[in-house]
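Welcome, and take a moment to turn the model around before reading on. We will go through it step by step.

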Amino acid sequence: MTGVSASISPEVAARPLFIINPMSGGGRTRNRVGAIVDAIERAGLTADVVFTDRRGHGTELAREAIEAGREFLVGCGGDGTVYEVANGILGMGAGDRVRLSTIGLGTGKDVAKCLGMGRGSLAIKAIAAGKERPIDVGKVTSMGEDGAEQVRYFLLEASAGWVPEISQGTPRWLKRLGDTAPYMVMAGVKMLGPMGRQFTLTIDSNRFDGRYNSISVHNMELWGGDLVAAPGAAPDDGMLDVIRWGDLGRRMVVKVLDAQRKGGTHVDFDGVDRHPAKSIELSSPKRSFLDLDGEHGGYLPAKIEVVPRALRFVAPAVS
């Protein structure tokens, strides 16, 4: 196994560099590295592998790889891992020349599932085939921890309010329970506290003011490990999907969560509204953080925009 080189040949530049998060899946990936490398090599690929060792390290490794001449990066872990690698690519303005793919090894791995490569064997097969699917991303301009403006990109979703507090509050040890179960457990815990807050939301110049449980913006249909948040949302249609969760009571929240588990019928409920959008502005008088693909993405106020065909994603062809 080799890592990022300071000077590489064109042959090496074109082959995939696997950026593995050994702590993904509640730490389960750490014990699967040998099997992952074997599967990569059985597919006829060279196992060029580097490992993340802290939050945000995937972005750093992606930047280093691009500076060294790499043209194909694979985020191996959960949605947070591929989010970090994607931000490394897009933050350097390299979306037109660097390809991205993923092997889903984490708790949710919703990006991999939405792109038809939820199983590791399917992902490795797609990587070996090398066929590209251009996908959209969401661009988020928000406030960083230090109060300065920052720009981040998401593949799955951006959200604020009660629901993202579930994702951010789920401890690593609980993620050993599987894809969806950890988040459902935390939802039960979070129901003991307040569940609504004031938001001001502008969707393509249409303004909404009110109390909401959550505001979520989706590029793909899944979140939280198999929960269908925005049924039919496509990552290549040049649009985002905004879901406004009204100031729902606990009983209705349970129904909404259950409806997401059953295919996304919650979008037909009173108090849940869906809007197609290209540009969104979101603010709140209460200090509110943004969740981006399960990662902390800064604080409101935020502007969210779709960037069509921003990434050259290596994935199975759309049937």
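What follows is a short walk from the whole chain down to a few chosen residues.

Keep in mind as you look that this is a predicted model. The protein chain has 319 residues, and 56% of them count as buried. Its secondary structure comes to nine helices and 16 strands. Take the contacts in the chain with a separation of 6 or more: residues 24 or more positions apart account for 74% of these. On the outside, the chain exposes about 13,300 Å², with carbon and sulfur atoms supplying 49% of that area.

Let us now step inside, beginning with V85. You will find V85 in helix α4, which covers residues 79-91. Is this residue buried or exposed? V85 counts as buried because its relative accessibility is 0%, and the limit for buried is under 20%. Who surrounds it? Leaving aside neighbours within four places in sequence, V85 is in contact with I19, G58, A62, L73, G75 and L100. One of these partners, L100, is 15 residues from V85 along the chain, and the C-alpha atoms of the two are separated by 8.1 Å.

Next, move to T29, in the loop between β1 (17-20) and α2 (33-42). T29 also has 0% relative accessibility, so this loop residue counts as buried. Which side chain does the side chain of T29 join in a polar contact? The partner is S24, at 2.7 Å. A polar atom of the T29 side chain also lies 3.4 Å from the backbone oxygen of L105. Both S24 and L105 appear again among the residues that T29 touches, together with I20, N21, P22 and I36, when residues up to four places away in sequence are not counted.

The rings deserve a look too. The count of aromatic pairs comes to one. In that pair, the rings of W223 and W245 have centres 6.4 Å apart and planes at 45 degrees, so the pair is tilted. W223 belongs to strand β10 (residues 222-223) and W245 to strand β12 (residues 240-246), so the pair ties together parts that are 22 residues apart in sequence. Both W223 and W245 are buried.

Finally, look for two places where a charge sits over a ring. The charged end of R244 is over the ring of F208, 4.0 Å from the ring centre. Likewise, the charged end of R287 sits over the ring of Y299, at 3.7 Å from its centre.

Technical notes: Residues numbered from 1 in each chain as written. Predicted model: local features only at pLDDT ≥ 70, side-chain atom pairs only at ≥ 80, totals over all residues. Heavy atoms only, no water. Helix = DSSP H or I, 4+ residues; strand = E, 2+ residues; numbered from the N terminus. Buried < 20%, exposed > 50% of the residue type's maximum accessible area, 1.4 Å probe, protein only. Contact = heavy atoms within 4.5 Å. Areas by Shrake-Rupley, 256 points an atom, 1.4 Å probe, with all protein chains shown as cover. Polar contact = N/O pair within 3.5 Å; in protein donor to acceptor, adjacent residues only side chain to side chain. Phe/Tyr/Trp six-rings, centres within 6.5 Å; stacked < 30°, edge-to-face > 60°. Lys NZ or Arg CZ within 6 Å of the ring centre and 35° of its normal.
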